[in-house]
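Reader: I'd like a close look at one part of this model, and then a walk outward from there. Could you take it slowly and keep it chatty?

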Amino acid sequence: MSAPERLDMVDLTVTHGAVRAVDGVSLTVHPGEALVLLGESGSGKSTLARTVLGLPGPTARVSGGVRLSGTDLRALDERALSDVRGRRIGYVPQDPDAGLDPLRRIGAQLVEVLLRHRVAASRRAAREAVPALLDAAGLTDPDRAARSHPHELSGGQRQRAVIALALACAPGLLIADEPTTALDALVRSRVLDLLTAGGSSLLVVTHDIGVARRIGHRVAVMRAGRIVETGPADRVLTTPRHAHSAALVAAQPGVPR
Ligand SMILES: Nc1ncnc2c1ncn2[C@@H]1O[C@H](COP(=O)(O)OP(=O)(O)OP(=O)(O)O)[C@@H](O)[C@H]1O
Ligand SMILES: [Mg+2]
């Protein structure tokens with residue numbers, strides 16, 4: 001794997017017309033840590049994640065800074081940014097189907113990513129790498145998955161295929177937006193293991209306290225575009241200091257560790 005990256009968001013603000021989706025967020029993901037961004041629907045979590053990737057949407061106005069281990073991502077042009085995406089930052093979008101091309105087989109999509117970022121030296125080497133990547137993402141029949149178009153896979157299998165794509169180039173930072181929401185408990189647990197197995201830095205967006213408990217080193221609680229509380233996962237989830245964090249935790253009682 002590439003060395004774990006450090007991500008700094010500095011006073012980041014994203015507006016869509018009059019809507020301040022992200023409002024002055026400063027947050028750091030330290031190398032090798034899993035930071036869980038927790039917040040209710042509409043609090044700005046996905047907007048923050050997409051803005052880090054340089055994909056805030058055509059109507060967005062952005063101010064503030066995004067640094068990846070010293071690289072000022074906001075100063076990069078689209079071409080340089082697209083070299084960072086996939087190579088240094090893996091991204092699992094909230095809608096897994098948004099991460100897959102519906103018209104192309106999963107294997108071909110992986111080959112393309114490996115060649116694009118020159119992780120594989122040749123098309124042949126890329127093809128040979130595909131089954132191991134799908135196997136590592138927990139697909140039980142990697143050869144079949146490689147031959148499949150996205151619609152031929154189940155929702156859970158598509159989620160794993162998206163994770164395989166995000167991890168293909170062994171990025172030092174993985175950003176996963178609600179990676180387990182559509183999954184049953186067993187598959188959820190395995191997908192969380194997958195995300196943490198690589199040792200990369202992790203920014204995981206969720207509204208699920210169980211996910212935060214399971215993988216979070218630190219938790220940041222977001223509300224209405226702002227971070228209202230940040231701290232070690234254990235502390236925030238057991239003795240939240242902000243009333244809104246307390247309300248979020250209380251709303252999901254009895255989630256097993
Ligand atoms: N392209 C856009 N145009 C206008 N408003 C937007 C756009 N994208 C997001 N918003 C608004 O920004 C706010 C935050 O949205 P966002 O999708 O970031 O929330 P979220 O925390 O990811 O919610 P969820 O948990 O439901 O996924 C919402 O009020 C949303 O309506
Ligand atoms: Mg979202």
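Which loop does Ser-69 lie in? Please start there and then go on to the rest.

Author: Ser-69 lies in the loop between β4 (60–68) and β5. Keep in mind that this is a predicted model. What catches the eye is the backbone: Ser-69 has a positive phi of about 45 degrees, although it is not a glycine. Most residues other than glycine have a negative phi. As for its surroundings, Ser-69 counts as partly exposed, because 16 other C-beta atoms lie within 10 Å, and the cut-off for buried is 20 or more.

The strands on either side of that loop belong to an open sheet. Four strands make up this sheet, in the order β2-β1-β4-β5, and their pairing is antiparallel. At the edges stand β2 and β5 (71–72), each with a single partner strand, so one side of each has no neighbour in the sheet. Looking at the β2 end, strand β1 (residues 7–16) is joined to β2 by eight bridges, and the two run antiparallel. To find that pairing on screen, go to Val-14, whose bridge partner in β2 is Val-22.

β2 also takes you to the ligand. Together with α1 (45–52), β2 (19–29) is an element that supplies at least two residues of the shell around ligand 1. The largest share, three residues, comes from α1. Of the 15 residues around ligand 1, those that come nearest are His-16, Ala-21, Ser-41, Ser-46 and Thr-47. Sorted by class, the shell has twelve polar residues, two nonpolar and one charged.

Now for a second residue with that backbone quirk. Glu-178 has a positive phi of about 50 degrees, and it is not a glycine either. You'll find Glu-178 in the loop between β7 and α7. Glu-178 is buried, because 20 other C-beta atoms lie within 10 Å, and 20 or more is what it takes.

That loop sits on the way to another set of strands. Strand β7 (residues 173–177) pairs with β8 in the parallel sense, over five bridges, and Ala-176 stands opposite Val-204 in β8. Between the two strands, the chain crosses from β7 to β8 through helix α7 (residues 185–197), a β-α-β crossover that is right-handed. β8 has a parallel partner in strand β3 (residues 34–39) as well, also with five bridges; there, Ala-34 has Leu-202 as its bridge partner.

β8 itself (residues 201–206) is mostly covered, with six of its six residues buried. Ser-201, Leu-203 and Val-205 point one way, while Leu-202, Val-204 and Thr-206 point the other way.

The crossover helix is worth a look too. The 13 residues of α7 should span 18 Å at 1.5 Å a residue, and this agrees with its end C-alpha atoms, which are 18 Å apart. Buried in α7 are Arg-188, Val-191, Leu-192, Leu-194 and Leu-195. Viewed down the helix axis, the buried residues of α7 fall within an arc of 155 degrees, so they line one face. On the other side of α7, Leu-186, Asp-193 and Ala-197 are exposed.

Last stop, helix α6 (residues 155–167). Its 13 residues should also span 18 Å, and the end C-alpha atoms of α6 are 18 Å apart, which agrees. α6 is mostly covered: twelve of its 13 residues are buried, among them Arg-158, Arg-160, Val-162, Ile-163 and Leu-165.

Definitions and conventions: Residues are numbered from 1 along each chain as its sequence is written. Chains are lettered from A and ligands numbered from 1 in the order in which they are written. This is a predicted model: local features need pLDDT of at least 70, side-chain atom pairs count only at pLDDT 80 or more; totals for chains, interfaces and linings use all residues. A residue is near a molecule or strand if its C-beta atom, placed from the backbone, lies within 6 Å of it. Ala, Val, Leu, Ile, Met, Phe, Trp, Tyr, Cys and Pro count as nonpolar, Asp, Glu, Lys and Arg as charged, and the others, Gly among them, as polar. Two strands pair if DSSP finds at least two bridges between them. A crossover is right-handed if, with the strands pointing away from the viewer, the path from the first strand over the helix to the second runs clockwise. The expected span of a helix is 1.5 Å times one less than its number of residues. The arc is that of the directions from the helix axis to the C-beta atoms.
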